[in-house]
Structure formats: structure tokens, C-alpha cells
Amino acid sequence: MRGARQVGKTTVVNEFGKQFDNYLYLNLEKREAASLFELNVSLKDLMPLFFAHCGNP
């Protein structure tokens, strides 16, 4: 999501995510999170990496 600074983008996304059992917040402006998408692995193998990055079991 893109938009002006300090207008509530992150808050809206986090509130929307509360509706789901599994919600992971990845800030793709952070190099560590964005680099996960550069890996040449299947989605099945990528999902555990997302959870680990976010500190979820």
C-alpha cells in the first residue's frame, strides 16, 4: 500500500488483518523482508520463512 505519510495506512492494514487467524505483517521497505521475495523457492517453502521472519510459530 502506498500513500502520504502518517495517514493511517499501517493501522488500516493491521486492523483488517485482525479478521484472519494467520496474519503476517511484512514491511517490504525493510531489506530483510524484501529479500525473502528474492529467494528461488516454492511458496510451500517460503511460507515458513515468512512466519519465522515475523516471529510466529
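This is a guided tour of the structure shown above, going from the whole chain to single residues.

The model is a predicted one, in which local features need pLDDT of at least 70 and side-chain atom pairs count only at pLDDT 80 or more, while totals for chains, interfaces and linings use all residues. Residues are numbered from 1 along each chain as its sequence is written, and side-chain values use heavy atoms, with hydrogens and water left out.

**The whole chain**

Begin with the full protein in a cartoon view, where you will find three helices and zero strands, in the order α-α-α from the N terminus on. Helices (H or I, at least four residues) and strands (E, at least two) are DSSP runs, numbered from the N terminus. If you turn the C-alpha trace along its principal axes, it spans about 35 × 25 × 15 Å. The radius of gyration is 13 Å, whereas a compact globule of 57 residues would have one near 10 Å; this radius is taken over C-alpha atoms, and the globule rule is 2.2 Å times the number of residues to the power 0.38.

Next, switch to a surface view, in which the protein exposes about 5000 Å², with carbon and sulfur atoms supplying 54% of that area; accessible areas come from the Shrake-Rupley method with a 1.4 Å probe, and for residues only the protein chains shown count as cover. Of the 57 residues, 12% count as buried, where buried means under 20% relative accessible area, exposed over 50%, and partly exposed in between (1.4 Å probe, protein chains only).

**Before and within the first helix**

Select glutamine 6, which is found in the segment before α1 and has a phi near 60°, a positive value in a residue other than glycine. Glutamine 6 counts as exposed because its relative accessibility is 75%.

Move on to glutamate 15, whose place is in helix α1 (residues 9-17), and show the side chain of lysine 18 as well, since the two side chains meet in a salt bridge (2.9 Å, N to O). A salt bridge is a side-chain nitrogen of Lys or Arg within 4 Å of a carboxyl oxygen of Asp or Glu. Lysine 18 counts as exposed, at 60% relative accessibility, while glutamate 15 counts as partly exposed, at 45%. To place glutamate 15 in the wider chain, draw a distance to phenylalanine 37, which is 22 residues away along the chain and separated from it by 24 Å between C-alpha atoms.

**Around the second helix**

Asparagine 27 is the next stop, in the loop between α1 and α2 (31-34), and its relative accessible area of 26% makes this residue partly exposed. Its C-alpha atom is separated by 16 Å from that of valine 7, 20 residues apart from it along the chain.

Now select arginine 31 and glutamate 38 together: they form a salt bridge whose closest N and O atoms are 2.9 Å apart. Glutamate 38 counts as exposed, with 53% relative accessibility. The structure holds two salt bridges, and you have now visited both of them.

**Toward the third helix**

Finish with valine 41, which lies in the loop between α2 and α3 (43-54) and counts as partly exposed at 39% relative accessibility. From valine 41, draw a line to alanine 52: the two residues are eleven apart in sequence and 15 Å apart in space, C-alpha to C-alpha.
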